[in-house]
Amino acid sequence: MDSFPQDSPLISVTDLETALASPRPPVLLDIRFQLGSTSSRGEYEAGHLPGAHFVDLDAELAAPPGSAGRHPLPDPEVLGAALGRAGVSAERAVVVYDAGPAMSAARAWWLLRWAGHPDVRVLDGGLAAWQAAGLPLSSELPPGEAGDFKPVPGLLPTLDADGVAAFARTALLLDARAGERYRGEVEPIDAKAGHIPGAVSAPTTENVGPDGRFLPAAALAARFAGLGADTREVAVYCGSGVTAAHQILALEVAGLSATLYPGSWSEWSRDPQRPVATGAQPG
């Protein structure tokens, strides 16, 4: 399996296996999540990477849904308590994973960096890649730990609804949802169908291959260059600020940076004063 550069936001199964056998292994966080499900804790308890702690995306990596969208940024105290129970410390590396292909793990990666953690990586391919390598799962629940990490929010840039409206007029706003949702053909969750005027469609599913692992950095760089991300400032939104983090992760693999609109379409579409575009063009 491929190894990644030391400064990559990704870690391969092989490199993770080596790191876990080292004298100071990383903290492992299981971020499995399914839209519409109450919790994936049951799946975690049935089998997870040995030593991994479960973190609930809905309850701990987001504030309650409301006017700010379906997954607003979490209260720092709630986030800090969840990470502390899992043993997260400022001086210890963290690896996050989900079932694959890192859609929810990327949310944890982005949040930890937003909150000031210096060393967070995403397991490329997630649980599926771990199992494909023939490595074991465990149903043993690790004991609670006492990590000392204290979130300091705001260390990564974000946009609110007014900011993203202005951004879309002058820079590159990427819509990370499926193409049919961007075009307004379907809308299974949110108040209206369509996209933010000026946004460009860039589904996150195109960041990964059939095995759920990220495309090589050069392929991702070519993809985003084709959208104009190599020459303009970039911001990203999705349905509720979760898969948009996957897009920001892919951009970072490609050597680019981007700003998150956390409220995303779930916030934008519930405001009757916000304009909506439909069709294949930015509008």
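In this predicted model, one open sheet is built from four strands in the order β7-β6-β8-β9, and their pairing is parallel. β7 (200-201) and β9 (259-260) stand at its edges; each has a single partner strand, so one side of each is left without a neighbour in the sheet. Strands of a sheet pair through backbone hydrogen bonds, in either a parallel or an antiparallel sense. Between strand β6 (residues 172-175) and β7, which run parallel, there are two bridges. Within this pair, L174 stands opposite V200 in β7.

A helix accompanies this sheet. Helix α10 (residues 243-253) lies across β6, β8 (234-237) and β9, and runs at about 150° to β8. The surroundings of V236 show how these parts meet. Leaving aside residues up to four places away in sequence, V236 touches L173, L174, A176, A244, Q247, I248, L251, A258, T259, L260 and Y261.

A second group of strands is found earlier in the chain, and strand β4 is a convenient place to enter it. β2 (27-30) and β4 pair in the parallel sense over four bridges, and V27 stands opposite V94 in β4. Strand β4 (residues 94-97) is also joined to β5 by three bridges, and these two strands run parallel. Two of the facing pairs can be named: the bridge partner of V95 in β5 is R121, and that of V96 in β5 is V122. The chain crosses from β4 through α5 to β5, and this β-α-β crossover is right-handed. Strand β1 (residues 10-11) runs parallel to β5 as well, with two bridges joining them. Here L10 stands opposite V122 in β5.

In a regular strand, the side chains alternate between the two faces of the sheet. Strand β4 shows this arrangement: V94 and V96 point one way, V95 and Y97 point the other way, and all are buried. In strand β5 (residues 120-123), V120 and V122 point one way whereas R121 and L123 point the other way; all of these, too, are buried.

The loop between β4 and α5 deserves a closer look. Most residues other than glycine have a negative phi, and most peptide bonds are trans. What kind of peptide bond joins G100 and P101? The bond is cis, with omega at about 10°, and P101 is found in the loop between β4 and α5. A102 is found in that loop as well. Although A102 is not a glycine, its phi is positive, at about 80°. Because its relative accessibility is 2%, A102 counts as buried. Another residue with a positive phi is S264, which is not a glycine and has a value near 50°. S264 is found in helix α11 (residues 264-268), and it is buried, with a relative accessible area of 0%.

Helix α4 (residues 76-85) offers a view of helix packing. At the start of α4, a side-chain oxygen of D75 reaches to within 2.6 Å of the backbone nitrogen of E77. Which residues of α4 are buried? They are L79, G80, A82, L83 and G84. An α-helix has 3.6 residues a turn, so residues three or four places apart point the same way. The buried residues of α4 pack against β2, α3 (57-60) and α5 (103-114). After α4 comes G87, whose phi is positive, near 85°.

The nonpolar interior can now be considered. The largest nonpolar core has 50 residues, and those with the most contacts inside it are L29, V96, W110, L112 and V236. Helix α5 gives the most to this core, with eight residues. Apart from it lies another core, of 16 residues, which includes L159, A161, L173 and W265. Two residues met earlier thus return here: V96, the partner of V122 in β5, and V236, whose contacts include L173 and L174. Both V96 and V236 are among the residues with the most contacts inside the largest core.

Conventions: Residues are numbered from 1 along each chain as its sequence is written. This is a predicted model: local features need pLDDT of at least 70, side-chain atom pairs count only at pLDDT 80 or more; totals for chains, interfaces and linings use all residues. Side-chain values use heavy atoms; hydrogens and water are left out. Buried means under 20% relative accessible area, exposed over 50%, partly exposed in between (1.4 Å probe, protein chains only). Contact means heavy atoms within 4.5 Å. A polar contact is a pair of N or O atoms within 3.5 Å; within protein, one must be able to donate a hydrogen and the other to accept it, and residues adjacent in sequence count only if both atoms are side-chain atoms. Two strands pair if DSSP finds at least two bridges between them. A crossover is right-handed if, with the strands pointing away from the viewer, the path from the first strand over the helix to the second runs clockwise. Axes are lines fitted to C-alpha atoms, for helices over the stretch in contact, and angles run from 0 to 180 degrees between N-to-C directions. A nonpolar core is a set of buried Ala, Val, Leu, Ile, Met, Phe, Trp, Tyr and Cys residues joined through side-chain atoms within 4.5 Å.
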